[in-house]
Amino acid sequence: MSSSRCACCILSSSFPSITFDDQGVCSYCRDQTAGLSIDTAIERARAQVKELFEHRHQPYDAIVCNSGGKDSSYTLMLAVQKYGLRILSFTLDNGFLAPAAFDNIRKVTDALGVEQLTYRPSLPFFRRVIRATATKPIYREKTLMRISAGCNACISLVNTMAVRIALEKEIPIILAGFTLGQIPTNAIIFRNHFRFLAESREESLARLTEAVGHEVENYYDIPGRVLDRVASYPHSVNLLCLETLREEEIVAKVEAIGWRKPTGVDGCSSNCELNTFNNYVHERRLGFSPYEWELSLLVRKGLMSRAEALSKIEDNPVERLSRLADGLGLTGEERVGLGLGVASSRA
Ligand SMILES: [Zn+2]
């Protein structure tokens, strides 16, 4: 565990560019301007959302990226019940979702009367991607302030697939369940100029291709001939950023329509078993939890207690790592490199 943490939030001394004052309060907590700019960004996004949702579309107003977790389930609820949108729910089954996550997807989409589309990439391919993120530097330090490399690889795949489906089915809006701790303020609402944004993907895509092979392009890119035909790119909106709810309030709302918290996931996930492995790799490499930033923001806003935030990041059951390493097909050498000992019985 980290040697020392901020006295107000939970950021540790290993967090990038952090400094502490003589009261042990971190520079991110001391930065008073940050809160103001977040409020301004939320107000601006609210106005943009109102305008964007004014018109109805056929056959869908929006596609929702639905992981089966509490946040995407609640996003689905907001889209249908608060905004009255006609929704296509989209799930990427990465092979490591908790079995209960599928029950939750079924219950929530059924309760809301929403169509569900599940897509499962090649498991050997996905495992190679996660192994690459665990053993090689694929993403920039700035990206890794908010998210683990493994989760980022998975979410990038979800995003690319969502844009592809939106373009194919002419769906104008993509909704996702990210909160302000997980994304920068300029990503609450934005237009997916896929070609225009190519530069921001270029570096990590090249590294991932080098590690995994050219199959990466089939998953993380959209063919030029498809982009040539695009008249209008879809907007992405993260509706949860416009709400101020405590986690237990979100859980209570989704439980009312049948959602249940899965077992077998760590304190920071409500759907994916692989999160535990990605957290472990991140902490080992960088010295801090990939959830510190997000949870610290909630603590600063008074939406979560510091003790609760700490208990969440400390709930990362290392006894499951060996089984996850089996599931990912890690080699003996990769296991040793990650401090996971020698291969277990199945390898
Ligand atoms: Zn702090």
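**Around strand β2 and helix α4**

A polar atom of the Asn104 side chain sits 2.7 Å from the backbone oxygen of Arg260, a polar contact (a pair of N or O atoms within 3.5 Å; within protein, one must be able to donate a hydrogen and the other to accept it, and residues adjacent in sequence count only if both atoms are side-chain atoms). The model is a predicted one, in which local features need pLDDT of at least 70 and side-chain atom pairs count only at pLDDT 80 or more, while totals for chains, interfaces and linings use all residues. Residues are numbered from 1 along each chain as its sequence is written, and side-chain values use heavy atoms, with hydrogens and water left out.

Asn104 belongs to helix α4, which covers residues 99-112; helices (H or I, at least four residues) and strands (E, at least two) are DSSP runs, numbered from the N terminus. With a relative accessible area of 2%, Asn104 is buried, where buried means under 20% relative accessible area, exposed over 50%, and partly exposed in between (1.4 Å probe, protein chains only). So what does Asn104 touch, leaving aside its neighbours within four places in sequence? The contacts (heavy atoms within 4.5 Å) are Gly68, Gly258, Trp259, Arg260 and Pro262. Arg260 thus turns up both in this list and as the owner of the backbone oxygen 2.7 Å from the Asn104 side chain.

Helix α4 also takes part in a β-α-β unit with strands β2 and β3, and the unit is right-handed. Right-handed here is a matter of viewing: with the strands pointing away from the viewer, the path from the first strand over the helix to the second runs clockwise. Strands β2 and β3 (residues 115-119) run parallel and are joined by five bridges; two strands pair if DSSP finds at least two bridges between them. Leu92 has Tyr119 of β3 as its bridge partner.

On to β1, which spans residues 62-65 and pairs with β2, again in the parallel sense, over four bridges. Here Val64 stands opposite Ser89 of β2. Getting from β1 to β2, the chain passes through helix α3 (residues 70-82), in a β-α-β crossover that is right-handed.

How buried is β2 itself, with its residues 87-92? Six of the six residues are buried, so the strand is largely enclosed by the rest of the structure. In a regular strand the side chains alternate between the two faces of the sheet. In β2, Ile87, Ser89 and Thr91 point one way, and Leu88, Phe90 and Leu92 point the other way. Both sets are buried.

Salt bridges come next: the structure holds 17 of them, each being a side-chain nitrogen of Lys or Arg within 4 Å of a carboxyl oxygen of Asp or Glu. Back in helix α4, Arg106 and Asp103 form one, with the closest N and O atoms 2.7 Å apart. The two residues are three apart in the helix, about one turn. Arg106 is partly exposed at 48% relative accessibility, and Asp103 is partly exposed too, at 32%.

Helix α7 (residues 198-212) has a pair of its own, Glu203 and Arg207, set four residues apart, about one turn of the helix. Their side chains meet in a salt bridge of 3.1 Å, N to O. Relative accessible area is 31% for Glu203, which is partly exposed, and 32% for Arg207, also partly exposed. Together with Arg140, Glu203 and Arg207 are linked in a network of salt bridges.

What about a pair that links distant parts of the chain? Glu334 and Arg131 form a salt bridge, their closest N and O atoms being 3.3 Å apart. Glu334 lies in helix α15 (residues 332-337) and Arg131 in helix α5 (residues 123-135), 203 residues apart. Glu334 counts as buried at 19% relative accessibility, whereas Arg131 is partly exposed at 21%.

Some backbone details round off the picture. The peptide bond from Gln58 to Pro59 is cis, with omega near -10°, and Pro59 lies in the loop between α2 (32-52) and β1. Ser17, although not a glycine, has a positive phi of about 60°. Ser17 lies in the segment before α1 (27-30) and is exposed, at 70% relative accessibility. Glu170, in the loop between α6 (149-168) and β4 (173-175), also has a positive phi, near 55°. At 64% relative accessibility, Glu170 is exposed.
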